[in-house]
Amino acid sequence: MQFLNRDFYNNNNILGYIDSSIQTLINMNTTILGTKEYMLFFYIKEDFTANYFSLYTTDIDLECLGFSVLQRNTRHSIEAFLDLVNLCNDPDYLSVMEHCADRNKQYNTKYHSILKGSCNIPKKYKIATQMYNANISRDLLTISSKTNSYTHPNTFVNILNYNEYDKKLEILRDLLSANLYTLTTAYKLILKKFNNNMTPVLTCSTCPFLNPLLKNCNQCFLNEEARFQNLIKNALITYTNPFQNSYYQ
């Protein structure tokens, strides 16, 4: 049996850090809750959380659909992320989001040369990278394209055999990396939009900075992000059954 490494679920982790940081930001400015930017961030965090905890009891040996739950959520997260990037760059992008929600509504004509009447992830990526010069890896486009097969109950997706370990782990690494990227970059965009690009100061009981004057919450964020990335790259799985030492106990 193979499971996601239990170290992903340590009490101090990237998800917990971002949750605490965003809550601190909201406590300082509750109007954030009513913004479209926060709603997009919430979608991204919700997708990350759903993927994160769905993997806790997933036996990778038995996985045969290529992590279909992660595939669907990751596609949703990527689209929300591109919307967030574009909206943070230009409030007029809200017209594109309105058009996607209701095709009877017209988007700002400045986007016509790219959208040309239709709206999808590649076009939103093009708006971000060509109109707003956002530095977003094309890997995100590649992953979103692969996830398209999972947006509907497709019974013709390739079935993975029990012993196709390398293929399963490659898919899992790509999906987790994409989720980590959208979550952490979306977090930075929220800080830039609502807190002058500053990291809120947290009051963690386990703070490694003994001197309050030297507290560096941004460094803790970077440390947790790097730890998560390292686990994805170098220590993805464990053979420990989660029911033997349950995280939820």
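Confidence comes first, since this is a predicted model. Averaged over the chain, pLDDT comes out at 93, and 95% of the residues reach at least 70. Broken down by element, helix 3 (residues 68-89) sits at the top with a mean of 98, while strand 2 (residues 237-238) has the lowest mean, 94. As a rule of thumb, coordinates in stretches of low pLDDT should not be read in detail.

Aromatic rings give plenty to look at. Across the whole structure, the search turns up 15 aromatic pairs. One of them joins Tyr9 to Phe53, with ring centres 6.3 Å apart and planes at 45 degrees, a tilted arrangement. Tyr9 belongs to the loop between strand 1 (3-4) and helix 1 (14-28), whereas Phe53 is part of helix 2 (residues 36-54), so this pair ties together parts of the chain that are 44 residues apart in sequence. The two partners also differ in how much surface they show: Tyr9 is buried, at 3% relative accessibility, but Phe53 is partly exposed, at 28%.

Phe53 has another ring partner in Tyr52. Here the geometry is edge-to-face, with 4.9 Å from centre to centre and 75 degrees between the planes. Tyr52 counts as buried, with a relative accessibility of 4%, so in this pair, too, a buried tyrosine meets the partly exposed Phe53.

These residues are part of a wider group. Linked through ring pairs, Phe8, Tyr9, Phe48, Tyr52, Phe53, Tyr56 and Phe228 make up a cluster. One member of that cluster, Tyr56, also has a charged residue over its ring: Arg6 lies over the face of Tyr56, 4.2 Å from the ring centre.

Turning to helix 4 (residues 94-101), its buried residues are Ser95, Val96, Met97 and His99. What do the buried residues of helix 4 pack against? Their contacts are with helix 2, helix 3 and helix 5 (112-115). Helix 2, one of these packing partners, is also the helix that holds Phe53 of the tilted pair described above.

Finally, the cysteines. A disulfide is a covalent bond between the sulfur atoms of two cysteines, and the structure holds zero of them. As for surroundings, Cys64 is partly exposed, with 33% relative accessible area, while Cys119 is buried, at 14%.

Technical notes. Residues numbered from 1 in each chain as written. Predicted model: local features only at pLDDT ≥ 70, side-chain atom pairs only at ≥ 80, totals over all residues. Heavy atoms only, no water. Phe/Tyr/Trp six-rings, centres within 6.5 Å; stacked < 30°, edge-to-face > 60°. Helix = DSSP H or I, 4+ residues; strand = E, 2+ residues; numbered from the N terminus. Buried < 20%, exposed > 50% of the residue type's maximum accessible area, 1.4 Å probe, protein only. Lys NZ or Arg CZ within 6 Å of the ring centre and 35° of its normal. pLDDT = per-residue confidence, 0-100. Contact = heavy atoms within 4.5 Å. Disulfide = S-S within 2.5 Å.
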